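Biologist: Could you walk me through this model, one question at a time?

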Amino acid sequence: MRKKLSCREAVKKAILEFGSGPVTAKELFHKVKTMGDWSDDTIWQHLMCLVVNLPPAYKHWPNTPERFLFLREDGKYEVYNSNKHGIYSEGTRIR
């Protein structure tokens, strides 16, 4: 029997299956949707709370461990890389 993924794990697996991005929110959402039986709201909330450069996410979900998504200016997601994207604190770039 295979272990069920958490929604967080599914988001990470999905973005990596897209080659770490860039990928549209719609594409990422649909990929995650195929990996479990979460509600649409649950998936969309994970696509927000896991973003390192989204300040409101830190207020709404303050205890989210390991945010790993980066939201680009064009609205596409990719895996966050501090060397490429800079260093963020509570959603704001500091370096």
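Modeller: Happily; we will go from the overall fold to one helix. This is a predicted model, where local features need pLDDT of at least 70 and side-chain atom pairs count only at pLDDT 80 or more, while totals for chains, interfaces and linings use all residues. Residues are numbered from 1 along each chain as its sequence is written, and side-chain values use heavy atoms, leaving out hydrogens and water.

Biologist: In what pattern do the helices and strands follow along the sequence?

Modeller: Helices (H or I, at least four residues) and strands (E, at least two) are DSSP runs, numbered from the N terminus. The protein chain has five helices and four strands. Read along the sequence, the pattern is α-α-α-α-β-β-α-β-β.

Biologist: What percentage of the residues is buried?

Modeller: Buried means under 20% relative accessible area, with a 1.4 Å probe and protein chains only. The protein chain has 95 residues, and the buried share is 34%.

Biologist: Which residues of helix α2 are buried, and how wide an arc do they cover?

Modeller: Helix α2 spans residues 25-33, and its buried residues are Leu 28, Phe 29 and Val 32. They lie on the same side of α2, because their arc around the axis, taken from the directions from the helix axis to the C-beta atoms, is only 100°.

Biologist: Which elements help cover the buried residues of α2?

Modeller: Here contact means heavy atoms within 4.5 Å. The cover includes α1 (7-17), α3 (40-49) and β2 (77-79).

Conventions: Buried means under 20% relative accessible area, exposed over 50%, partly exposed in between (1.4 Å probe, protein chains only).
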